[in-house]
Amino acid sequence: TERGEGKTVRFDPKTRRENTISVVAPAECKSDNKAESDNKAENKKEKEALVAELKRGSAFIKYGRRGKPQERILWISPDGNHIEWGKAKNKSSKKFPIDDVRDVKLGQTTDLFKRRILKEHQEPPHTLRSLSLLMKGKKSRESIDLIALTDITFQNWTKFLHITLKEDGRLGSVNGKELALYMNRVQHTKYDLGAQ
């Protein structure tokens, strides 16, 4: 057996040939660990910045089971543990623990979204700014279905939820690469909110 940088060469007596096998040097393992640590630190820093922004409140159109879709302000509670919404900031009509969110769906894919969109609109509005929060064990509220009024609102909330759920191992439907591709589509799609 001969060793070179990043490889091992082994002689196979049956085939009488040399086989080269790549190996990972200890330094490379350390490098991978450092990269993972740096990534976690970067995510933590980004999450803190997002939480500070989202505590200020963001405008969405919220689709419920009954009635017309309503514009609502969503924000993160001062303690950072709840998502609240109401007609205006700090006039909360509903709230729930962030831990109650088990997953996030991008687009208008839930049954509720499909029914409500079909009833209210001839054509689905702003599908690329739509998201649904899937709730844990709540039959009365299986999903919270929202359309962000701006691209930056959609991006900030989706990034925050993705980082949060990924930390807890809850995010199943969207991985980082898919999220980046989706965000790219949002950034390159122009909307006229008043036209739809």
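Me: Over residues 1-5, where pLDDT stays under 50, how many contacts beyond four places in sequence does the model have?

Reply: The model, which is a predicted one, has six such contacts for residues 1-5. A second stretch with pLDDT under 50 covers residues 190-196, and there the model has 10 contacts beyond four places in sequence. For the protein, the mean pLDDT is 75, and 61% of the residues reach 70 or more. Confidence is lowest in strand β1 (residues 2-4), at a mean of 46, and highest in strand β5 (residues 70-76), at 94.

Me: Why is the pair of Y63 and F113 called tilted?

Reply: The structure holds four aromatic pairs, and in this one the ring centres of Y63 and F113 are 5.4 Å apart, with planes at 50 degrees. A pair requires centres within 6.5 Å, and planes under 30 degrees apart would be stacked while those over 60 would be edge-to-face, so the pair of Y63 and F113 falls to the remaining class, tilted. It links distant parts of the chain, with Y63 in strand β4 (residues 58-63) and F113 in helix α2 (residues 111-120), 50 residues apart.

Me: What makes Y63 and F113 count as buried?

Reply: The cut-off for buried is under 20% relative accessible area. Y63 has 4% relative accessibility and therefore counts as buried, and F113, at 0%, counts as buried by that rule too.

Me: What makes the pair of W157 and F160 edge-to-face?

Reply: Their ring centres are 6.3 Å apart and their planes stand at 90 degrees, and since this angle is over 60, the pair is edge-to-face. W157 and F160 both lie in helix α3 (residues 151-167), three residues apart, about one turn of the helix. Both are buried, and with F60 they form one aromatic cluster.

Me: How do you know that α3 is largely enclosed by the rest of the structure?

Reply: The conclusion rests on a count, because 12 of the 17 residues of α3 are buried, among them T153, F154, W157, F160, H162 and L165. The length of α3 agrees with expectation as well, because its 17 residues should span 24 Å at 1.5 Å a residue and its end C-alpha atoms are 24 Å apart. After α3 comes G169, whose phi is positive, near 70 degrees.

Me: Which residues have the most contacts inside the largest nonpolar core?

Reply: Within this core of 25 residues, I83, F96, V104, L131, L133 and F160 have the most contacts. At least two residues each are supplied by several elements, including α1 (26-54), β6 (82-86), β9 (130-135) and α3. The largest share, six residues, comes from α3. Another core, of seven residues, lies apart from it and includes Y63, L112, F113 and L149.

Me: Why does D145 count as buried?

Reply: D145 lies in strand β10 and has 0% relative accessibility, which is under the 20% cut-off, so D145 counts as buried. Its side chain makes a polar contact with the side chain of T110 at 2.6 Å, a separation that lies within the 3.5 Å limit. Leaving aside neighbours within four places in sequence, D145 is in contact with I61, K62, Y63, T110, L112, F113, L131 and S132.

Conventions:
Residues are numbered from 1 along each chain as its sequence is written. This is a predicted model: local features need pLDDT of at least 70, side-chain atom pairs count only at pLDDT 80 or more; totals for chains, interfaces and linings use all residues. Side-chain values use heavy atoms; hydrogens and water are left out. Rings of Phe, Tyr and Trp (its six-membered ring) pair if their centres lie within 6.5 Å; planes under 30 degrees apart count as stacked, over 60 as edge-to-face and the rest as tilted. Helices (H or I, at least four residues) and strands (E, at least two) are DSSP runs, numbered from the N terminus. Buried means under 20% relative accessible area, exposed over 50%, partly exposed in between (1.4 Å probe, protein chains only). pLDDT is the predictor's confidence in each residue, from 0 to 100. Contact means heavy atoms within 4.5 Å. A nonpolar core is a set of buried Ala, Val, Leu, Ile, Met, Phe, Trp, Tyr and Cys residues joined through side-chain atoms within 4.5 Å. The expected span of a helix is 1.5 Å times one less than its number of residues. A polar contact is a pair of N or O atoms within 3.5 Å; within protein, one must be able to donate a hydrogen and the other to accept it, and residues adjacent in sequence count only if both atoms are side-chain atoms.
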